[in-house]
Amino acid sequence: MLSARTIRPLPLEGRPGTADSPAAMTTLPGSATPGPAEPAPVEPSPSTNGSQARRPAVPKLLVALRRYSWATLGADVGAGVTVGLVALPLAMAFAIASGLPPESGIYCAIVTGAIISAGGGSMVQIGGPTGAFVVVIAGIVATHGVAGLFMCTMMGGVMLVLLGLAGMGSAIRFIPRPVVVGFTNGIAVIIATTQLREFLGLTMTRMPGDFVGRMLEIGRALPTTDPATAVLSVCTLLVLILCVTLKTRIPGAIVALVAGTTAALVLGLPVATIDTRFHGIPSGWPAFALPAFRLDLVIGLLPAAFTVAMLGGIESLMSATIADRLTGDRHNPNVELVAQGVANIASPLFGGLPATGAIASTAANVRAGAKTPVAGLVHALVLLAIVLWAAPLAALVPMPVLAAILLMVAWNMGDWAEIPDIFRTGLTDASVWAVTLALTIFADPTQAVEVGMALAALLFIRRVTSTTDIAQVTDELVVRRRPDMLQDKEIPPFVAVFRVTGTLLFGSTDKLDVVRDRLDGLPPIVILRLRYMTAIDATGLRAIEDLAHAVWSTSRVFLVSGAREQPLAVMRRSHFERRLGAQHMCPTFDDALARAREIHAQRFSSAWPNVAAPIPLPVDTRPETGDHPAATAR
């Protein structure tokens, strides 16, 4: 079982890590087989084992209200108003791209946004419709109709609630990074191509569902491009790009929405609007209605419902993780999944779409200064106010403006910068990415996730078995490995050492959370010892990078030492050293300790508070495999 333990190295003469002083050494084992001469480990206390035990299973809103203030309320209200205006064009655009009227997206953003903020496990997560669902929703509507979509959404919501109640929030991490990136790349391509008709004002009798047929039809329709529509679309897209480049305080979606709508009205451009295309947006409260439930559709909808649940879970936890990086908070994945599930059960009751954590809206929420989930509740109230009192104004939004906004969303959601890293990691991850991407674009997104997961599982087995190594223990081997052993090493009190044992592949990366969760109690220098880590993949590399950024954000130093053959080869191919910094990569544990002493003398010395204070970690008296003299002799 993977767990986190603190060990007390063998009492050596003159060493501070004796029975009277705590050792700053923690192990993150994947699998360990201590020799018969080693003492049995002392199991950690359940209250401190792992990150989840210390995170209360209550909504973050209740946690935030315990220390709420008027200043926090002011920040949340300002952020909520901003993100509500950002969510308006996105919600309408996602609904239209899915083949539904724009009010379906707004109703979804209102209902699910309020539920996810009130009951979720993230401080600043914003829930609502997202681009990742567009293709899935369009396929379900085309096959089973709107009634089938509502059934599928509620079935996916039930699955998410069950996953959260079963404590499976961390199991979402078993989705490998290449599968996630390949899927989002494919969805981004599909969204972009489906918006070309509105972007260029093409006259098309039909929009084929398959990618090849769609592109052929668009090619035939290019001579029908409407100049006014194309000019407005291009100008809106340029405004969005300019806002990103200049990093304007007002989100680009708001600027583009207002500027594009105003330009169309003032210049009298003959372009399609929400009013001319959908006859406006209904004013008033979203109507409550129980969707029709057909038992004969349940079996056929199970694969699509599974995709909705998995996609919703993956994107919501990805969004929450991004929010954690931006705010320094830690979300509770199980609470978040339950809230996401309840939101998806409730959304069809008001004619809404499937929902998840919206990365774009969440990032805008953080940048606008949000502090607590109250900002998400304000965002929902802003959208409700627009529906009640400003629906006629929203109906004036031109379709090419929404198309330009969706093109920008597609570009931002693509994770394009990760593609070179995946290829540098190796052919294994690259093949998983390519298969997932191809199936998403040319086949079915549901099949893409399923096949990608199956292929990743097979390659996972191959990668683990390839790390098995048998070698004769010789005097030369013992001498060569001595610089990486703990025996006779003095760990200074200003250093905390964590080791990884076994593989660090997708599905096990959450074990690094024990370091992140204890950062406040750690000394100024943290060493991650990889001597006993046998294999790593792209997901594991990403997890170490995220941990490094978390450590750096607290003004601490992060060092990595002793990477073995396979992990070191993967790190070199993916330019990991360049991103982490060559000064933070040490060949052996001896080098890491020397580097730590050098950094401490230069940067910290006696300025760091409580460098010799005890670290409240559970105790494991088992010596590290290979560090015990008896183990060396064997």
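**Notebook: helix H23, cores and salt bridges**

I started at helix H23, where the face turned away from the buried side carries the exposed residues Glu 565 and Arg 572. I note here that the model is predicted.

**Entry 1: the other side of H23**

I looked up which residues of H23 are buried. In this helix, which covers residues 565-573, they are Pro 567, Val 570 and Met 571. I then checked how these three are placed around the axis: they lie on the same side of H23, because the arc they cover is only 100°. The general rule for an α-helix is 3.6 residues a turn, so residues three or four places apart point the same way.

What do the buried residues of H23 pack against? I listed three helices by name: H17 (418-425), H22 (538-552) and H24 (576-580). Strands E7 (533-536) and E9 (585-586) are partners as well. I also noted His 575, just after H23, which takes a positive phi of about 60°.

**Entry 2: the chain as a whole**

I stepped back to the overall counts. The chain has 26 helices and 10 strands. Of its 634 residues, 56% are buried. I looked up the exposed surface too: about 26,600 Å², with 65% of it supplied by carbon and sulfur atoms. For contacts between residues at least 6 apart in sequence, I found that 85% join residues at least 24 apart.

**Entry 3: confidence**

I checked how far the predictor trusts the model. The mean pLDDT of the chain is 81, and 81% of the residues reach 70 or more. Residues 1-24 have a pLDDT below 50, although this stretch has 69 contacts in the model beyond near neighbours in sequence. Residues 610-634 also stay under 50, and there I noted 75 contacts beyond four places in sequence.

**Entry 4: nonpolar cores**

In soluble globular proteins, nonpolar side chains tend to be buried together. I looked for such groups here. The largest nonpolar core has 79 residues, and Met 92, Ile 140 and Leu 149 have the most contacts inside it. Which helix gives the most to this core? I found H2 (residues 70-97), with 12 residues.

I followed Leu 149 further. Apart from neighbours within four places in sequence, Leu 149 is in contact with Leu 100, Ile 137, Ile 140 and Val 141, and also with Leu 353 and Pro 354. There is a second, separate core of 29 residues, and Leu 528, Ile 536, Ala 543 and Leu 580 are among its members.

**Entry 5: Thr 193**

I picked one residue of helix H5 (residues 177-194), namely Thr 193. Is Thr 193 buried or exposed? I put it down as buried, because its relative accessibility is 8% and the cut-off for buried is under 20%. Not counting residues up to four places away in sequence, Thr 193 touches Phe 211, Arg 214, Met 215 and Ile 218.

**Entry 6: salt bridges**

How many salt bridges does a search of the whole structure find? The search gives 15. I went through some of them.

Arg 220 forms one with Glu 217, and the closest N and O atoms are 3.0 Å apart. Both residues sit in helix H7 (residues 211-221), and being 3 residues apart they are separated by about one helical turn. I compared their accessibility: Arg 220 is exposed, at a relative accessible area of 56%, whereas Glu 217 is buried, at 18%.

I then returned to H17, one of the helices that the buried residues of H23 pack against. There the side chains of Arg 424 and Asp 421 meet in a salt bridge of 2.4 Å, N to O. These two are also 3 residues apart, which is about one helical turn. Arg 424 counts as partly exposed at 27% relative accessibility, and Asp 421 counts as partly exposed at 22%.

Asp 421 has a further partner: its side chain meets that of Arg 579 in a salt bridge of 3.4 Å, N to O. I checked where the two sit, and this pair links distant parts of the chain, with Arg 579 in helix H24 and Asp 421 in helix H17, 158 residues apart. At 31% relative accessibility, Arg 579 is partly exposed.

My last look-up was a network. Asp 324, Arg 330, Asp 513, Arg 516 and Asp 517 are joined into one by salt bridges that share partners.

Technical notes. Residues are numbered from 1 along each chain as its sequence is written. This is a predicted model: local features need pLDDT of at least 70, side-chain atom pairs count only at pLDDT 80 or more; totals for chains, interfaces and linings use all residues. Side-chain values use heavy atoms; hydrogens and water are left out. Helices (H or I, at least four residues) and strands (E, at least two) are DSSP runs, numbered from the N terminus. Buried means under 20% relative accessible area, exposed over 50%, partly exposed in between (1.4 Å probe, protein chains only). Contact means heavy atoms within 4.5 Å. Accessible areas come from the Shrake-Rupley method with a 1.4 Å probe; for residues, only the protein chains shown count as cover. A nonpolar core is a set of buried Ala, Val, Leu, Ile, Met, Phe, Trp, Tyr and Cys residues joined through side-chain atoms within 4.5 Å. pLDDT is the predictor's confidence in each residue, from 0 to 100. The arc is that of the directions from the helix axis to the C-beta atoms. A salt bridge is a side-chain nitrogen of Lys or Arg within 4 Å of a carboxyl oxygen of Asp or Glu.
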